[in-house]
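Open the structure in your viewer and keep the selection panel at hand. Each stop below says what to select and what to look for there.

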Amino acid sequence: MKDLKDTKTEKSSGISRRSLLKGAAAVTAGAAASGAITGFPMIWAQNIKNVTLRQFGTGVSNLNAIAEKCKEDLGFNLQLTSLDSDSVTQRAVTQPKSYDIADIEYWICKKVFPSGAMQALDTSRLKNFDKISPLFINGKLTPDSEIAQGTAPHTVGFVEGKNGTSFAKEQTNWMTLIPTIYNADTLGIRPDLVGRPITNWRDIMDPAFKGKTSILNIPSIGIMDAAMICESMGEIKYGDKGNMTTGEIDRTMAILTEAKKAGQFRAFWKSFDESVNLMASGEVVIQSMWSPAVAAVRSRGIECKYQPLEEGYRAWGGGLGLAAHLSGLELDAAYEYIDWYLSGWVGAYLNRQGYYSAAPETSKQFMSEDEWNFWIEGKPAQGDILSPTGELMEKAGATRDGGSYWDRMGAVACWNSVMDENRHMVRKWNEFIVS
Amino acid sequence: MPMINSKNIHSYWQSLPLGMVLLAFLVFPIAVITVVSFWDYNEFSIIPDFIWTNYEYLLSSPVTWKAYLQTLQYALLTWTITLGLGFTLAYFLAFHVRTNGMQTLLFLICTIPFLTSNIIRMISWIPLLGRNGLINSGLQSAGITDAPIEWLLYSDFAIILAYVHLYTLFMVVPIFNSMMRIDRSLIEAAIDAGARPYQILRDVVIPLSKSGIIIGSIFVFTLVMGDFVTVKIMGGGIRASIAVLIYNEISLLQYPAAAAGAVVLLITVIMMLVILFRLVDIRKEV
């Protein structure tokens, strides 16, 4: 027992020595490459290895592989905690001292940031800031694209100063979250069980699928799916799906309640694994879903498709923000970490999971051409496509559901959001769940 | 007189530790919940205030009433079934199993389901009851049904089933306990006096195991009234109870609304307990 323990210590100290060297090498290389050795924040590699940053967020990007790679590249520790969206919001506001870095979605940011639990990031301290997609800066994927409804990330992306709590209308030097991950969501289907082509959001209300559908029970996201469905049915025309009036909310929930009473829904899900199980077990054949859940169903050898729909996608985006209490060495380390996050390796990792990286060009360098073509360009895969952990995701010849990055992100109808009438919406949603 | 006084003081000292624990971990939290239930709130914070809107909304909303009806229905059904099962099991253990060793062994067997966590016990029903689960595929391959039975899972049936599975033991234990205390000579006397078996049951066994029945009922009622995990997992998120309502509000940061819900639930449960305690004086009969 003692021996085992000893070897273990030795091994771990070995790793840290090695990674320290590597880190030092990377730092030197980085400093040399940037051509400006200004004395900060590169030279404290000696004591930074004692730093531990506590990051918490939703399961999507809280990946141990990222913490390991961070340790290897930067030398300090990252402690990850995964929670569901509601708990993340709750913890971000009520226990601001319990984390250093919050990995949250933009709609959560809209709720959390005004509470003063977080501090804004100085964009001039980030080398990779200019690599961030304009989607997060001015809301436009391409200069002529239209801005979708809802809490678009750029609308809550900036504040006026370091301690600002109200969002700026335009780009400033102070960012609330540094965007890291985003995607366009749609309905997942079991092509083998639906028995007909699915083309619209309203297809989930088809009586043929009675008792075989599900939607997610996270009000801020569920209401969006509900709105997409009602609009597609032609029942309601919304002014802004991301900020509904009380009348619109009432009518939306009335339509869903009616469907629930008629037995249209099999279940409501709240977490990722619930949606995977519902789909894989065949309890449900069409439901709101997240992209890695579709991949998880498929990896069990069960057919599952992330069906693009005529009305477009419901998009979401997340990023990293700093807790208000962070200062000194920890703050420097946090900046270093966030800059590293944008530098490509993580982006490539996320791209390979079916999400999108906020700094596309940096992640391209960390992906093979075939991978880039499959995930981003929407072209047929030349060889087998593997997940970041090496499992087979798609066989050669497959193309991504929904096509290229520009096809998918260009067809966003609305972003996940928090509405002015949030309290009313939540009440109505609760009534719907209970009814 | 002084003697009695000093005795009294001593017993107060002795009860002080427990009193402090109860004060710190029971009375204080409930007081905080009650205070918060009068506060105001917005999306990200709770605001100290004194308003009645939380209660107003709670008590005037048809949703609350529906949820209460639903929860009471769960509680009543669960109570009826667990009482039937629990009483029968306890009766068998107490009066039909002869040896002490066998009684202990069978009693231990009753507790086996409790060796795993209640979440695991609940979740293991899902592969059994699902649309393509064991029961449905068994029924279909035996030609008994053509299509899967939908109401087995994510339904009231599934919820009641899980409750019965989880809580029957809470009925068995106290009833068994009070049955073991029944003097066997009473039953012999009844037989000698010419009582028929059901008369013995009605006039001797049931009245004498009343305290066990009431204690078991208290367990089952309070557990079902305050439960949300079972409803959430077995109901697939489309069924709801009071506790699910409170849970939803907590997860949406609406603490004051949740606190108001908790206070009303507490009052309801206490009222039910008062009624149950009226039926039997537990201290006298145990």
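What percentage of the 435 residues of chain A count as buried? Select chain A to begin, and bear in mind that this is a predicted model. Of the 435 residues in this chain, 48% count as buried. Colour chain A by secondary structure next: there are 16 helices and 19 strands. Now look at contacts in chain A between residues at least 6 apart in sequence: 71% of these join residues at least 24 apart.

**Where the chains meet**

Show chain A and chain B together. Here 20 residues of chain B are in contact with 30 residues of chain A. On the chain B side, select helix 3 (62–96) and helix 13 (242–251), the elements that give two or more residues to the side touching chain A. The residues of that side of chain B divide into nine nonpolar, seven polar and four charged.

**A pair of helices in chain B**

Hide chain A and select helix 8 (156–180) of chain B together with helix 11 (residues 210–225) of chain B. Their axes come within 7 Å and cross at roughly 160°. Angles over 145 degrees count as roughly antiparallel, so helix 8 of chain B is roughly antiparallel to helix 11 of chain B. The crossing of these two helices is right-handed.

Show side chains where the two helices meet. From helix 8 of chain B, the residues in this contact include B:Tyr163, B:Tyr167, B:Phe170 and B:Met171. From helix 11 of chain B, they include B:Ile213, B:Ile215, B:Phe219 and B:Leu223. The residues of this contact divide into 13 nonpolar, five polar and no charged.

**A tyrosine in a loop**

Stay in chain B and select B:Tyr154, in the loop between helix 7 (134–141) and helix 8 (156–180). This residue has a positive phi of about 55°, although it is not a glycine. Is B:Tyr154 buried or exposed? B:Tyr154 counts as buried because it has 28 C-beta neighbours inside 10 Å, and the cut-off for buried is 20 or more.

**A helix to check by length**

Last, select helix 14 (residues 255–279) of chain B and find the distance between its end C-alpha atoms. At 1.5 Å a residue, the 25 residues of this helix should span 36 Å, and the end C-alpha atoms are 36 Å apart, so the two values agree. Within helix 14 of chain B, the buried residues include B:Tyr255, B:Pro256, B:Gly261 and B:Ala262.

Note on methods:
Residues numbered from 1 in each chain as written. Chains lettered and ligands numbered in written order. Predicted model: local features only at pLDDT ≥ 70, side-chain atom pairs only at ≥ 80, totals over all residues. Helix = DSSP H or I, 4+ residues; strand = E, 2+ residues; numbered from the N terminus. Buried ≥ 20, exposed ≤ 12 C-beta atoms within 10 Å, placed from the backbone. Expected span 1.5 Å × (residues − 1). Contact = placed C-beta atoms within 7 Å. Axes fitted to C-alpha atoms, helices over the stretch in contact; angles between N-to-C directions. Parallel < 35°, antiparallel > 145°, perpendicular 65-115°, else oblique. Left-handed = near helix turned anticlockwise from the far one by under 90°. Nonpolar A, V, L, I, M, F, W, Y, C, P; charged D, E, K, R; others polar.
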